Amino acid sequence: MNIREGAAADAEPIASLHTRSWRTAYAGIFPADYLEGPVEEQQAAMWHERLVNGAKGELLVADDGTSIAGFAYLIPEDGRVLLDNLHVDPALKRSGIGGVLLRHALDRAAGQELYLEVLKENRPAIAFYERHGATRARQFVERFPGFEVDVLEYYWSGMRSDTVPRRSSQAS
């Protein structure tokens, strides 16, 4: 698996993978009509803005040479870096791709605090981040059109990829 920087040509396949990931991971958390409706258009617009129009941020793509297996998107902020997205193709979950992307994100953060926001009900993601050394910081409510969800913030403070715990018997 190759990790490369994303490009404008990745906007459509990243939006598609992002939509598939949300529909799988957030089923039962987000309303079904939202997941089956506007989320696809919203992802397409967001990734077009980020990758084609050049919004601030850096896309890391896990690519096997024929398709995109996963991605992470980093947004630099004042003294910290937001890991705004880390998604793996639902068919490839638990293959180790998420851990590889996370380690690359930590390296790109270059010793700054890396943080992310995860839905409180997304227990598999929370377990993944905690296994990889994340610390819980706070909880808040995020509002979407017509619904709201509880969100947790996690962070890694100045960690490098070589200090992130790895699972010995099974990939992340």
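Select Trp-156 first. In this predicted model, Trp-156 has 0% relative accessibility and counts as buried. Next to pick is Tyr-129, also buried, with a relative accessible area of 8%. The rings of Tyr-129 and Trp-156 form an edge-to-face aromatic pair, with 6.0 Å between centres and 80 degrees between the planes. Tyr-129 belongs to helix α5 and Trp-156 to strand β7, so this pair ties together parts that lie 27 residues apart in sequence.

**The largest nonpolar core**

Keep both residues selected and add Leu-83, Leu-101, Leu-102, Leu-114 and Val-118. Together with Tyr-129 and Trp-156, these are the residues that touch the most other members of the largest nonpolar core, which has 27 residues. To see where the core comes from, colour the elements that each give it two or more residues: strands β2 (58-63), β3 (68-76), β4 (80-88), β5 (113-119) and β7 (147-156), with helices α4 (97-109) and α5 (123-131). Helix α4 supplies the largest share, six residues.

Now centre on Val-118. Leaving out residues up to four places away in sequence, what does Val-118 touch? Its contacts are Ala-125, Ile-126, Tyr-129, Asp-150, Val-151, Leu-152 and Tyr-154. Tyr-129, from the opening pair, is thus one of the residues to show around Val-118.

A separate selection is needed for another core, which lies apart from the largest one and has 14 residues. Among them are Ile-14, Trp-47, Ile-75 and Tyr-115.

**Charges over rings**

Two members of that 14-residue core, Trp-47 and Tyr-115, are the next stops. Show Arg-50 with Trp-47: Arg-50 lies over the face of the ring, at 4.8 Å from the ring centre. Then show Arg-80 with Tyr-115. Here the charged end of Arg-80 sits over the ring, 3.6 Å from the centre.

**Aromatic pairs and a cluster**

Switch to the aromatic side chains. The model has 13 aromatic pairs. Select Trp-22 and Phe-30, an edge-to-face pair with centres 5.4 Å apart and planes at 70 degrees. Are these two residues buried or exposed? Trp-22 is buried, with a relative accessible area of 13%, and Phe-30 is buried as well, at 3%.

Finally, extend the selection from this pair to Tyr-26, Tyr-34, Phe-144 and Phe-147. Ring pairs link these four residues with Trp-22 and Phe-30 into a cluster.

Conventions:
Residues numbered from 1 in each chain as written. Heavy atoms only, no water. Core = buried A, V, L, I, M, F, W, Y, C linked by side-chain atoms within 4.5 Å. Buried < 20%, exposed > 50% of the residue type's maximum accessible area, 1.4 Å probe, protein only. Helix = DSSP H or I, 4+ residues; strand = E, 2+ residues; numbered from the N terminus. Contact = heavy atoms within 4.5 Å. Phe/Tyr/Trp six-rings, centres within 6.5 Å; stacked < 30°, edge-to-face > 60°. Lys NZ or Arg CZ within 6 Å of the ring centre and 35° of its normal.
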